[in-house]
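Here are some short exercises to help you find your way around a protein you have not met before. Try each task yourself, then read the worked solution below it.

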Amino acid sequence: SSLAQALCNSLVAVASHCWRWGSPFTAMGESSDRKHLHYGSLDSALEKSLNDHGGGGPNVHLSSSGDLLDQATEDMLRARQQHEDAVRAFEQKASQRQLAVPTGDAQVKAKLREFGEPVCVFGEGPYERRDRLRTIMAGRTAPAMDSKRQEATGDEDLFYTEGLEELLEARVKIAEWSIPRANQRLVKERRQRLDEDQLEHEERVDRFSTFLQKSMVAEVSQVGDERPLTQGKFSPDAQLFCTSSWSGFIKLWKVPSCEPTLTIRGHEDRCHSVAWHPSARGTPPFEGTTVRLASASADSRVNLWCLTESQPLSLLEGHEDRVNRVVFHPMGEHLVTTSHDMSWRLWDIATSTELLLQEGHSKPVYAAAMHPDGSLVTTSDLGGVVRVWDLRSGKTIMPLTGHGKQVLSVDFHPRGMQLATAADDHSVRIWDLRRRRCMHNLLAHNKLISEVGFEKGEGRLMLTASYDGSIKIWSTTDWRTVKVLIGHEGRVMGADHIPSSMGGHHYIGSVGFDRTLKFWSTQGKAEPAIDASSFM
């Protein structure tokens with residue numbers, strides 16, 4: 001311990017001497033009083049040292065900030081290139097796994113002949129030959145993938161395509177028609193808010209929901225066609241119910257007796273959708289040649305019917321694949337159609353011409369709905385994306401993503417503030433158009449939901465139809481299930497609210513895969529007469 005203490009004392013003495021008088025190990029000829037405490041930037045000290053030693057010699061090179069930046073940039077570019085090469089190799093391997101390569105050796109050789117490659121290489125077996133064909137096929141498709149990647153990473157600015165003069169006139173007409181109605185809707189909403197308290201409104205809706213829960217039953221059931229029915233819609237005056245089917249027939253049924261009044265051979269292929277013109281009134285026989293009904297088919301055609309003849313009044317052609325849905329504009333002069341060709345189109349009914357071919361979906365476009373004001377249209381695709389379009393400007397103003405699977409039905413609330421979307425993920429989402437986000441996510445059914453629709457008028461109720469064979473009625477105040485209607489033996493393909501109460505009673509029409517249509521009402525034949533108007 002005494003030796004260690006002595007060693008420490010000697011080191012302290014040497015350190016204090018070096019701090020006061022400089023290091024004893026100085027070079028010959030140097031002054032012992034040279035200062036070793038430097039202040040300021042190291043760059044100035046190094047520059048002074050280099051000047052003292054004649055520039056530092058040829059072996060000394062100090063990297064400037066520019067050199068360091070260039071080196072960092074080169075490293076970043078090299079790393080980015082390596083990343084892109086790795087991604088390209090991964091995509092090529094993935095595409096190779098997805099390629100449909102023939103399995104038989106004879107088919108593999110024939111395919112190699114088509115590509116102009118050697119049929120057999122020395123020492124190659126059937127397995128190696130098939131692997132070589134896969135590599136060749138992937139190499140032929142690689143340039144296409146590169147071009148797609150360049151397009152995806154290209155200019156993402158907005159672009160516009162020149163439209164027809166008729167389209168401009170239609171947009172102006174839609175704007176002039178929709179703006180006053182939007183103003184009327186808002187004025188009516190403010191007046192209702194002042195006249196009636198929100199709690200009173202909710203209590204009134206709850207009373208009606210309770211009445212509907214106790215009294216709504218299946219009133220009538222009818223076999224509608226030889227093949228499954230696809231859609232059913234009430235006429236605007238609630239006197240007729242129209243059904244479409246896979247057989248291509250369109251049938252009209254009286255409400256509420258469910259008696260067939262008119263049958264039309266609408267299409268040679270499956271008829272997927274029907275829509276009533278907003279001004280359609282009355283029952284057969286009709287008079288005049290005005291458009292009363294539209295139908296869409298898997299043969300990519302849309303027919304407009306006056307219902308006075310067995311032949312369509314006009315034919316709308318332009319879609320390249322099956323047409324899924326048709327919807328009339330509330331003004332009654334235009335029609336919107338959606339198709340599997342990943343586009344929706346706007347048609348002029350008077351001239352039967354196509355005004356707009358709108359792209360924007362990456363999957364087949366399926367559902368469509370019109371805003372009550374006529375200013376907006378909503379479309380959905382089989383990729384789960386919903387888009388809200390402004391018909392007055394042509395822009396997509398609100399892409400809604402939230403569903404995990406295909407969205408098959410959409411509908412606006414009559415007050416215009418909410419949008420309901422139903423999808424294959426068994427859920428219904430309620431979107432607030434003012435806040436631009438989903439407000440409620442309802443796990444509605446156990447299987448695909450084929451239809452969602454609000455009650456016409458006040459929008460107190462919402463119905464959903466599903467492939468699980470049930471129809472559910474929901475209250476729009478607290479989004480609880482009011483009634484579950486079970487009667488179809490298979491999938492429920494579609495359902496619709498009656499536009500206005502008939503005899504003071506609420507009706508719902510539904511069509512199913514079991515080829516039947518059913519009317520559900522608060523006045524069942526087995527029930528005593530009840531005045532439902534007192535609950536309105």
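The exercises below go from the whole chain to single residues, and the model they use is a predicted one.

**Exercise 1. The whole chain**

Task: Find how many helices and strands the protein chain has, and what share of its residues is buried.

Solution:
- Start with the elements: the protein chain holds 7 helices and 28 strands.
- Next, turn to burial: 42% of the 536 residues are buried.
- Then look at the surface, where about 29,600 Å² is accessible and 52% of that belongs to carbon and sulfur atoms.
- Finally, take the contacts between residues at least 6 apart in sequence: 49% of them join residues at least 24 apart.

**Exercise 2. An open sheet**

Task: In the open sheet that contains β14, work out the strand order and say which strands stand at the edges.

Solution:
- The order is β14-β15-β16-β17, and these 4 strands pair in an antiparallel way.
- β14 (365-370) and β17 (396-401) each have a single partner strand, so they stand at the edges, with one side of each left without a neighbour in the sheet.
- On average, neighbouring strands here are turned by 20° against each other, direction ignored.
- For a closer look, follow β15 (residues 376-381) and β16 (residues 385-390), which run antiparallel and are joined by 5 bridges.
- Across this pairing, Leu376 sits opposite Asp390 in β16.

**Exercise 3. The largest nonpolar core**

Task: Identify which strand gives the most residues to the largest nonpolar core.

Solution:
- The core itself has 17 residues, and Val386, Val388, Leu400, Val410, Phe412 and Leu419 have the most contacts inside it.
- At least two residues come from each of β14, β16, β17, β18 (407-412) and β19 (418-423).
- Of these, β18 gives the most, with 4 residues.
- Phe412 touches several residues beyond four places away in sequence, including Ala369, Leu376, Leu419, Leu433 and Phe454.
- Apart from this core lies another, of 16 residues, with Trp177, Val327, Met370 and Val377 among them.

**Exercise 4. A histidine in a loop**

Task: Decide whether His267 is buried or exposed.

Solution:
- Locate the residue: His267 is in the loop between β5 (260-265) and β6 (271-276).
- Check its relative accessible area, which is 4%; buried means under 20%, so His267 counts as buried.
- Now look at what surrounds it: beyond its neighbours within four places in sequence, His267 is in contact with Ser247, Gly248, Ser295, Ala296, Ser297, Asp299, Arg301 and Asn303.

**Exercise 5. Aromatic pairs**

Task: Classify the ring pairs Phe208 with Phe211 and Phe241 with Phe519 as tilted or edge-to-face.

Solution:
- The count of aromatic pairs comes to 6.
- For Phe208 and Phe211, the centres are 6.4 Å apart and the planes make 45°, and the pair is tilted.
- These two are 3 residues apart in helix α7 (residues 198-215), which separates them by about one helical turn.
- Phe208 is buried at 1% relative accessibility, and Phe211 is buried at 8%.
- For Phe241 and Phe519, the centres lie 5.3 Å apart with the planes at 90°, so this pair is edge-to-face.
- Phe241 lies in β3 (residues 240-245) and Phe519 in β28 (residues 516-521), so the pair ties together parts 278 residues apart in sequence.
- Phe241 is buried, with a relative accessible area of 0%, and Phe519 is buried at 0% as well.
- To finish, add Phe234: with Phe241 and Phe519 it forms one aromatic cluster.

Conventions: Residues numbered from 1 in each chain as written. Predicted model: local features only at pLDDT ≥ 70, side-chain atom pairs only at ≥ 80, totals over all residues. Heavy atoms only, no water. Buried < 20%, exposed > 50% of the residue type's maximum accessible area, 1.4 Å probe, protein only. Contact = heavy atoms within 4.5 Å. Areas by Shrake-Rupley, 256 points an atom, 1.4 Å probe, with all protein chains shown as cover. Pairing = 2+ DSSP bridges. Axes fitted to C-alpha atoms, helices over the stretch in contact; angles between N-to-C directions. Core = buried A, V, L, I, M, F, W, Y, C linked by side-chain atoms within 4.5 Å. Phe/Tyr/Trp six-rings, centres within 6.5 Å; stacked < 30°, edge-to-face > 60°.
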